[in-house]
Amino acid sequence: MRALPRAGERAMSRGLLLDTTRCIGCGACTAACKEQNGLPLPIEEQTTAYTWTVVEQRQGVNVRRMCMHCLDPTCVSVCPVGAMRKTESGPVVYDAERCIGCRYCIMACPFGVPKYQWDRAVPVVGKCVMCASRVEAGKPTACAAVCPTGATLFGERDDLIREARARITAEPGRYVDHLYGLEEAGGTSVLVLSSVPFGQLGFRDDLPPAALPLLTWRALSRVPDVVLLGGTLLYGIHWLTRRRELVRRVEGGGPRAGRRMPRGGTEGAKP
């Protein structure tokens with residue numbers, strides 16, 4: 001189990017530190033994620049609704065892909081029914097029971113993380129939930145628990161930041177002098193260290209330091225409330241009615257539902 005010691009008893013946001021210089025590409029994190037969340041095989045090469053984290057190779061570097069768990073998530077801000085939620089402990093979780101299938105979260109995410117189950121008659125969204133039930137129980141994420149090299153480290157976000165800065169200071173020739181996720185898009189609960197510029201690894205290097213929902217609100221604040229509320233209400237009613245009709249068809253013996261996700265998009269295999 002690889003977890004940093006807690007910095008006291010006060011409530012703090014947990015997160016992950018991904019050190020690409022320590023990753024050996026073994027894939028243990030992906031396998032642990034599949035098992036923990038009851039996700040079906042196979043392990044795919046890219047993240048999908050059924051594979052929530054993968055290890056890619058870029059510029060000779062093993063790079064982990066997963067939800068960044070933004071401190072102020074855009075997916076949460078655009079969801080009209082509260083299906084996406086940022087927990088106080090850090091994970092951004094998803095409630096499939098509330099989802100109306102609008103896919104706003106997919107379009108809004110600056111990291112392209114949420115994926116849709118296109119093979120199901122009544123699809124839901126699939127994404128990493130940072131082992132929310134384990135985190136709430138005081139345990140590290142499944143991926144951090146199985147990492148053999150410490151490339152994935154779980155702990156309080158403040159402690160992870162200090163650890164990352166200490167590594168950069170101790171070995172300046174090994175790391176780019178930047179901690180990805182510290183400020184990008186307002187900051188994320190998943191932080192990344194690298195030996196090469198992050199843009200070369202496929203990370204967006206054009207994100208502002210301000211939280212994206214804040215920028216959206218500044219623009220929307222200039223639009224009359226009645227326009228926004230009316231449009232949101234009508235569109236919500238449309239999607240909800242359409243989704244309920246699809247559910248009735250499936251329950252009545254319509255097209256096969258296909259592979260199913262664990263309810264709520266949370267863990268289902270291991271405690």
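**A helix, a proline and a salt-bridge network**

Biologist: What phi does Gly 38 take, just after α1?

Modeller: Helices here are DSSP runs of H or I with at least four residues, strands are runs of E with at least two, and both are numbered from the N terminus. Gly 38 comes just after helix α1. Its phi is positive, at about 65 degrees.

Biologist: What kind of model is this?

Modeller: Residues are numbered from 1 along each chain as its sequence is written, and side-chain values use heavy atoms, with hydrogens and water left out. Local features need pLDDT of at least 70, side-chain atom pairs count only at pLDDT 80 or more, and totals for chains, interfaces and linings use all residues, as this is a predicted model.

Biologist: How many of the 10 residues of α1 are buried?

Modeller: Buried means under 20% relative accessible area, exposed over 50% and partly exposed in between, with a 1.4 Å probe and protein chains only. The buried set includes Cys 29, Ala 32 and Cys 33, but also Lys 34 and Gln 36. Helix α1 (residues 28–37) is largely enclosed by the rest of the structure, because its buried residues number seven.

Biologist: Which elements do those buried residues pack against?

Modeller: Two strands and two helices are involved. The strands are β2 (54–58) and β3 (61–65), and the helices are α4 (132–136) and α5 (142–146).

Biologist: Is Pro 209 buried or exposed?

Modeller: Pro 209 sits in the loop between β9 (190–193) and α7 (212–220). Its relative accessible area is 58%, so Pro 209 is exposed.

Biologist: Which residues does Pro 209 contact, leaving aside neighbours within four places in sequence?

Modeller: Contact means heavy atoms within 4.5 Å. By that test, the partners of Pro 209 are Glu 183, Ala 185 and Gly 186.

Biologist: Which residue forms a salt bridge with Asp 19?

Modeller: A salt bridge puts a side-chain nitrogen of Lys or Arg within 4 Å of a carboxyl oxygen of Asp or Glu. For Asp 19, the closest N and O atoms are 2.8 Å apart, and the partner is Arg 167. Asp 19 lies in strand β1 (residues 14–19) and its partner in helix α6 (residues 157–170), so parts 148 residues apart in sequence are tied together by Asp 19 and Arg 167.

Biologist: Which residues are linked with Arg 167 in a network of salt bridges?

Modeller: Arg 167 counts as buried, at 7% relative accessibility. Its side chain also meets Glu 163 in a salt bridge, 2.9 Å from N to O. Those two are four residues apart in helix α6, so about one helical turn separates them. The network links Arg 167 with Asp 19, Arg 22 and Glu 163.
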